[in-house]
2 protein chains.
Amino acid sequence: MNLKELASKLGLSPTTVSRALNGYPEVNEATRERVMAAAKRHNYHPNTRAIRLATGRAMAVGHVIPVATRHEIVNPVFADFIAGAGETYSRNDYDMVLSVVPDDQEEDTYRGLKSKGNVDGVIVHAPKMHDPRIALLHDIGLPFVVHGRATGTTLPYSWLDVNNRRAFQRATEFLLDLGHRRIALVNGLEFMDFAIRRRTGYVDALSARGIAPDPALMSSDEMTEIAGYRAAKAMLAARARPTAFLAASMISGMGVRRAIEEAGLSMGRDISVIIHDDDLSYMKNGEDVPIFTATRSSVREAGRLAADMLLDLIAHPGPGPQQRLLEAELIIGQSTGPCPKP
Amino acid sequence: MNLKELASKLGLSPTTVSRALNGYPEVNEATRERVMAAAKRHNYHPNTRAIRLATGRAMAVGHVIPVATRHEIVNPVFADFIAGAGETYSRNDYDMVLSVVPDDQEEDTYRGLKSKGNVDGVIVHAPKMHDPRIALLHDIGLPFVVHGRATGTTLPYSWLDVNNRRAFQRATEFLLDLGHRRIALVNGLEFMDFAIRRRTGYVDALSARGIAPDPALMSSDEMTEIAGYRAAKAMLAARARPTAFLAASMISGMGVRRAIEEAGLSMGRDISVIIHDDDLSYMKNGEDVPIFTATRSSVREAGRLAADMLLDLIAHPGPGPQQRLLEAELIIGQSTGPCPKP
DNA sequence: AATCGCCCTCAAACCGCTTTGGATGCCGCA
DNA sequence: TGCGGCATCCAAAGCGGTTTGAGGGCGATT
């Protein structure tokens, strides 16, 4: 059932039917209702492919998921972000198209998306320092929103980010207030922008209290359970071991906890731990009482908001880039306590 | 730059250029090369929207991600599956379009995808018992592949699944061979098809050795750390506690491990644990030596294969449904050992 | 030299919708 | 009565490709 058939069934022209269905004013209300009813009755849905060609809009946004060719990790945060963004898209009748590409083919992918015209904009995931994608997208003129920011990039661009620096600064201060002095950082990979900002916040907080950051207490690796476990285990084995940890994610934190317990120590009493909690749906940080004290910011909500921003950018290209900085909340759980006296 | 422009630049008709680019035989090789070169030089990419309209094919497949309206959980397995499927799609120039929908709107979503014509087929995720989606898709005539199976469905359909029953049967036998008699099952939600099959395997193995399954040792809940922790904690607190656990996932298993350690017991010595390992990229089960003894099956590989199957189904609709059952491997880690003497 | 056949190329229809630019009819008003 | 104006509706031209059916050119065959 297509427009033409529907129109002839109604004894109207395709033009009028199209206008009736799309709410144009130059059609009699009675006619419109007749058309609407017939469309519903015959289960008519306009062919998306034709609409796209006729209007020139793709009614779709792209998410390019880079898969690191070296360590083949798919960011676990991704599923929840997508879920959030997806809600926005379905509300607005947009499609979400995913491209999973090796990270050395990202450039081609973006160019392709633009010139083949199958998306109206893209969301950029996991920005790195000096991320080249921003200049690239700027060049090819494809609307985009970055989830995160790219330190070192001078071009103005739209982004939505969590205040990672502030979050880790506050977390560090919280530990300092509890009397901790040897605080370890189990960070993500520090070519990722968010990881750099987190370290900055951590270092700033220490420095503000006159404590020199100790390289032996700072590690940087993938945010996996194993990596967290190993980093914590090594630090706990050292002569002057930390009394507190700052971990980059829930999963890292679980590794840290394992190392602590394996060392015969008790998390929360002997050793304090604060994690960053993305509030992933399958990785809840406890229920009424959080397991981990955490800086929390819902990545799903971030997905919703980033998608909103992108759709707005697509609809109103004029006003220029938008930015939005979300604050993480510091929630107190069972994993922190006063620094034990030596 | 579009076909017409390119054609006029070359002094050829659009027809010839189109044929040259698409490898049709009725065009001179010299001409073809000239066209190819010009296309590259002018960075010509055919407009996807036009191709889709002209050919009637969407060159896209849909993944409908149901988001449970009650417990808003996004399956963590999902990201890796998508990554695998995505590799197949990009190799074949297909797009992947995701629809994130509340699970009570799934039917409308599938109907919409079909009648609006924006996908050529779909992958069905997370089948439940008597899953109504299979009959629905059958009805509306949209090619599909189910990741998993739907017990109780009589229609023939295409699926790709892991032999969950066998995997859990083998795991149970392995524990029995180690002398364990009180083996607990920390299962996923048992309206999910895979969870039912796993329980069947577990029960079968016990029964085969003349052990009656003990309801007190069988739990079923979401596959989260918390749920695993709580189930294990409750069972460990009982008078006759289990000496071994079978956990539904890596994450559940981490909860089980926490409960074990919190009870002052040692995993692998006092209590054995076997998990099912989906081989998620961000959730590796150790490195050289696995942390957990596990039934392992890569969900990413499953994504690749399911996508292959679907594309084949789309290209060759004739032969009818395809099925493929993958066997999980049993890998031995540090979390299992002989049943301690009482 | 005429005919056949093959190779290459082209004009035009088509995919299903949107949108521009009229056309038609009816009303009110001067 | 005549005309402008408004409310409705329609024909046709795109959008940018693919594909059918036909034609021109040329060497080979008779």
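In this predicted model, 16 residue pairs are in polar contact across the interface of chain A and chain B, both partners having pLDDT 80 or more. On the chain A side of that interface, the elements giving two or more residues are α4 (48-55), α5 (77-91), β2 (95-102), α10 (225-237) and α11 (250-262). The largest share goes to α5(A), with seven residues. Sorted by character, the chain A side splits into 22 nonpolar, twelve polar and 15 charged residues.

Charged partners also pair up directly: the rule picks out two salt bridges between chain A and chain B. One of them joins the side chains of Glu225(A) and Arg257(B), at 2.7 Å from N to O.

As for the extent of the interface, 49 residues of chain A touch 49 residues of chain B. Together the two chains bury about 4,500 Å², with carbon and sulfur atoms giving 59% of that area. Arg49(A), Val100(A) and Tyr282(A) put in 16% of what chain A buries against chain B, more than any other three residues.

Now for how the two copies are arranged. A turn of 180° with a shift of 0.0 Å along the axis lays chain A on chain B with an RMSD of 0.1 Å, which means that the two are related by a two-fold axis. Both copies use the same surface, as 100% of the contact residues of chain A recur in chain B. Within chain A, the C-alpha of Val97(A) comes closest to the rotation axis, at 2.2 Å.

Chain A itself is assigned three stretches of domain: domain 1 (3-55), domain 2 (60-161 + 299-326) and domain 3 (164-298). The C-alpha centres of domain 1 and domain 3 of chain A lie 59 Å apart.

Methods
Residues numbered from 1 in each chain as written. Chains lettered and ligands numbered in written order. Predicted model: local features only at pLDDT ≥ 70, side-chain atom pairs only at ≥ 80, totals over all residues. Heavy atoms only, no water. Least-squares fit on C-alpha atoms with pLDDT ≥ 70 in both. Contact = heavy atoms within 4.5 Å. Domains from an automatic or database assignment. Buried area = accessible area lost by both parts, 1.4 Å probe. Salt bridge = Lys/Arg side-chain N within 4 Å of Asp/Glu carboxyl O. Polar contact = N/O pair within 3.5 Å; in protein donor to acceptor, adjacent residues only side chain to side chain. Helix = DSSP H or I, 4+ residues; strand = E, 2+ residues; numbered from the N terminus. Nonpolar A, V, L, I, M, F, W, Y, C, P; charged D, E, K, R; others polar.
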